[in-house]
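These notebook entries record what I looked up in one protein model. I kept each entry short and took one topic at a time.

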Amino acid sequence: MSVPLVAGVLIADDHVLVRRGLRHVLDAAPDLRVVAEAQDGIEAVRLGLAEDVDLAILDVAMPRRTGLQAARELLRHRPGLRVLMLSMHDADQYFFEALNAGAAGYVLKSAADRDLLEACRAALRGEPFLYPPAVRTIIREHLDAAAAGEETDGEVLTRREQEVVKLVAEAHTTEQIAELLTISPRTVERHRENVLAKLGMRDRVQLTRYAIRRGLVEP
């Protein structure tokens, strides 16, 4: 994929002030232009499929669909799209999930003014961007865990089950979840039953706590 002279950028974050700040930084660069803004994960997928979007910057924690879920969905339909994850969490869990979702990089909100432009340009060139301070520690911890045969909670559930858990934790009804995911209410119920069985949980309260721990929703 060639790098456009002026790349179209989608910003997805549920906080207006964050989007405004990012737009200010990006629009000041001669080679980047914000062409769309989304306030949740489902809107990000819809807008990110537009042809004028070359790069999507997705907040990890968004309503209705997380940035990680949105990234997977976008890249399934547009494999050539470049994706960067944006987060306030300096945690290896999110970092590796972002890479596994197909993102080119992971930018901390606290360092966006320093790293964002470099990360955007690296992603557009097809190169990874890794924020410097945490790289060595994160890679070491990940390799140690893999060598020990450890398995994370996130590998227990399918991507569709994680989407259902997120929406359940956000207090959506079965009918609303079915509509948002374009599946039947019965299928939603079956996913929820499977999740409860896999996790050994009984009810929505426990699912919500799980969703918070996994970063699917904010407390």
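**Entry 1. The largest cavity.** I worked from a predicted model. I began with the lining of the largest cavity, where α3 supplies the largest share, three residues. Two elements, α3 and α4 (92–100), each give two or more residues to this lining. I noted the lining residues, among them Val-60, Thr-66, Leu-68, Gln-69, Arg-72, Tyr-94 and Glu-97. Residues with higher numbers also line the largest cavity, including Gln-162, Arg-214, Gly-215 and Leu-216. The volume of the largest cavity came to about 80 Å³. I then asked how many cavities of 30 Å³ or more the structure holds. There are two.

**Entry 2. The second largest pocket.** I turned next to an open space. The second largest pocket holds about 220 Å³. I found 13 residues in its lining, and those nearest its centre are Arg-65, Glu-73, Arg-76, Arg-160 and Glu-163. Which helix gives the most to this lining? Helix α3 does, with four residues. At least two lining residues come from each of α2 (41–48), α3 (67–77), α7 (159–169) and α8 (174–181).

**Entry 3. Overall make-up.** I counted the elements of the protein and recorded 10 helices and six strands. Of the 219 residues in the protein, 49% are buried. I also looked up contacts between residues with a separation of 6 or more; 64% of these join residues 24 or more positions apart.

**Entry 4. The sheet.** I followed the six strands across their open sheet and wrote down the order β2-β1-β3-β4-β5-β6, with parallel pairing. Which strands stand at the edges? They are β2 and β6 (129–130); each has a single partner strand, so one side of each has no neighbour in the sheet.

I then examined two of the pairings. Strand β1 (residues 7–12) runs parallel to β2 (residues 32–38), and six bridges join them. In this pairing, Ile-11 stands opposite Glu-37 of β2. The chain passes from β1 to β2 by way of helix α1 (residues 16–27), and I noted that this β-α-β crossover is right-handed. Strand β1 also pairs with β3, again in the parallel sense, over four bridges. There, Val-9 has Leu-55 of β3 as its bridge partner.

**Entry 5. The nonpolar cores.** I looked up the largest nonpolar core and found 51 residues in it. The residues with the most contacts inside this core are Leu-10, Leu-26, Ile-57, Leu-58, Val-83, Met-85 and Tyr-106. Helix α5 (residues 112–124) gives the most to this core, namely seven residues.

I chose Ile-57 for a closer look. Leaving out residues up to four places away in sequence, I listed what Ile-57 touches: Val-9, Leu-10, Ile-11, Ala-12, Leu-26, Leu-84, Leu-86, Leu-116 and Cys-120. A second core, separate from the largest one, has 19 residues, including Val-164, Ile-177, Ile-183 and Leu-196.

**Entry 6. Helix α2.** Is α2 mostly covered or mostly uncovered? I found α2 mostly covered, as six of its eight residues are buried. These buried residues are Gly-41, Ile-42, Ala-44, Val-45, Leu-47 and Gly-48. They pack against β1, β2, β3, α3 and α8.

**Entry 7. Asp-113.** I located Asp-113 in helix α5. Is Asp-113 buried or exposed? Its relative accessibility is 68%, and exposed means over 50%, so Asp-113 counts as exposed. I also noted its separation from Gly-21: the two residues are 92 residues apart along the chain, and their C-alpha atoms are 9.2 Å apart.

**Entry 8. Positive phi values.** I reminded myself that most residues other than glycine have a negative phi. With that in mind I looked up two exceptions. Arg-64 has a phi near 70°, a positive value in a residue other than glycine. The place of Arg-64 is the loop between β3 (55–59) and α3. At 28% relative accessibility, a value between the 20% and 50% limits, Arg-64 is classed as partly exposed.

The other exception is Ala-171, whose phi is also positive, near 70°. I found Ala-171 in the loop between α7 and α8. Its relative accessible area is 56%, therefore Ala-171 is exposed.

Note on methods
Residues numbered from 1 in each chain as written. Predicted model: local features only at pLDDT ≥ 70, side-chain atom pairs only at ≥ 80, totals over all residues. Heavy atoms only, no water. Core = buried A, V, L, I, M, F, W, Y, C linked by side-chain atoms within 4.5 Å. Buried < 20%, exposed > 50% of the residue type's maximum accessible area, 1.4 Å probe, protein only. Contact = heavy atoms within 4.5 Å. Pairing = 2+ DSSP bridges. Right-handed = clockwise from strand over helix to strand, strands pointing away. 1 Å grid on protein atoms, 1.4 Å probe; cavity = no way out; pocket = protein on both sides within 12 Å on 5 of 7 lines; lining within 4 Å. Points joined across faces, edges and corners; volume = space filled by probe spheres on them.
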